[in-house]
Amino acid sequence: MQVTKCALGVIQGRGSHTIDPQVVALGEAEADYLLRHIDKVRGYNDATARAQFAQGSGIPAQLETLRTVRRDTHFERASSTLQAYLAAEMRGATNAKDCVFAAIRTTDNTGTSPQVTLLKLDAVIEAARLNMLEGNRVSFEVLQDLLPEPGDLQKGISWPDPRPHSEVMTVDRNRAPAAYFENAYQVLVSVRSPEAEASLVNAITERVEPEHLPRALERASEASGPLDDVLDDLAQEFPQLTDFARDERAADRPTGIVRPRQVTTRQLVWRAGGIDVVVPQHLLGNVEVRESGDQWQVVVTTSTRPRLQSH
């Protein structure tokens, strides 16, 4: 991957003061620094959350402008618009830190497949440093020692996203208390796959009758894709999941991705009265819950004699 164009700007005082992004020349070290940050945003595994733009969002069109324009002035103009969105959202966020805003266009090593990444590089930029910015321009020589290492990157988006069920790649290490970054770019982020899979298992165990649980969990383990799609498919065989599927599809954010063969790795727990009975899914049929008067009994059938052990 190589950087083909980069514009840097500054946002201070929770958006009250800005320096518009301007295209800068990058040396080898500066380009490597930015590429390591971009790798942080674009790196993902099969448990990573997916993200989509809000319906009707104009952000993809603006990112496409960054991806295709040739003139530096056009790139700067588009970058300034996108920085202004972030600055506006930061004005209402008490925890928003001063930052260098970076809009970066990269290509693969063949010079094709351009990508656009926006980074919020948190930094305390003293007035003395700002006075050193020649012509009100941001430069790495002045600011690089104030900027975070890639592992400390707090917020960024990169587009387009190669994943089949996601539109944009994101990093937001403080998503819950700092939604201003997602709001600025109208990005809706799902939960990660482990959370989606836990939600699926809970929905099945809470709604499907015990005698049908093994089959329902088996079918869920064979499925993969967005949780709402998986639930829609399962609801055709297990109608008890219909309402939950409808609620998930109507949620504000996209549902997380269910991975194949991950549902059956989750152990189930029968829990009551301070006692937990942990059961692997393939042995679910060995546990029976019975009502006895005003009490309940959990009957576990095993082929070997149980042993009491500390845990």
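**Group meeting: burial and packing in a predicted model**

Good morning. Of the 311 residues in the protein, 43% are buried. Please bear in mind throughout that this is a predicted model.

I begin with the overall architecture. The protein contains 10 helices and 14 strands. If we take the contacts between residues at least 6 apart in sequence, 66% of them join residues at least 24 apart. As for the surface, the protein exposes about 16800 Å², and carbon and sulfur atoms supply 46% of that area.

Let me turn to helix α3. This helix runs over residues 72–90, which gives 19 residues. From the first C-alpha to the last, α3 reaches 26 Å, close to the 27 Å expected at 1.5 Å a residue. Which residues of α3 are buried? They are Phe-75, Glu-76, Ala-78, Ser-79, Ser-80, Leu-82, Gln-83, Leu-86, Ala-87 and Met-90. In an α-helix there are 3.6 residues a turn, so residues three or four places apart point the same way. You may wish to keep that in view while following the buried positions on the display.

What do the buried residues of α3 pack against? Their partners are four strands and two helices in the following order along the chain: β1 (2–12), β2 (17–23), α2 (59–68), β4 (99–107), β5 (115–122) and α6 (180–184).

The second helix I wish to show is α8, residues 213–222. Here the buried residues are Leu-213, Ala-216, Leu-217, Arg-219, Ala-220 and Ser-221; an arginine is thus listed among them. The cover over these buried residues includes two helices, α7 (193–207) and α9 (227–237), together with strand β11 (268–272).

Next, the aromatic residues. How many aromatic pairs does a search of the whole structure find? The search finds 1. The pair is made by Phe-181 and Tyr-185, whose ring centres are 5.4 Å apart; their planes stand at 75 degrees, over the 60 degrees required, so the pair is edge-to-face. Are the two partners buried or exposed? Phe-181 is buried, with a relative accessible area of 3%, and Tyr-185 is likewise buried, at 0%.

Finally, the cysteines. A disulfide is a covalent bond between the sulfur atoms of two cysteines. A search of the whole structure finds 0 disulfides. Two cysteines deserve a mention for their burial: Cys-6 has 1% relative accessibility and counts as buried, and Cys-99 is buried as well, at 0%.

Thank you. I am happy to return to any of these regions on the screen.

Notes: Residues are numbered from 1 along each chain as its sequence is written. This is a predicted model: local features need pLDDT of at least 70, side-chain atom pairs count only at pLDDT 80 or more; totals for chains, interfaces and linings use all residues. Side-chain values use heavy atoms; hydrogens and water are left out. Buried means under 20% relative accessible area, exposed over 50%, partly exposed in between (1.4 Å probe, protein chains only). Contact means heavy atoms within 4.5 Å. Accessible areas come from the Shrake-Rupley method with a 1.4 Å probe; for residues, only the protein chains shown count as cover. A disulfide is a pair of cysteine sulfur atoms within 2.5 Å. Rings of Phe, Tyr and Trp (its six-membered ring) pair if their centres lie within 6.5 Å; planes under 30 degrees apart count as stacked, over 60 as edge-to-face and the rest as tilted. The expected span of a helix is 1.5 Å times one less than its number of residues.
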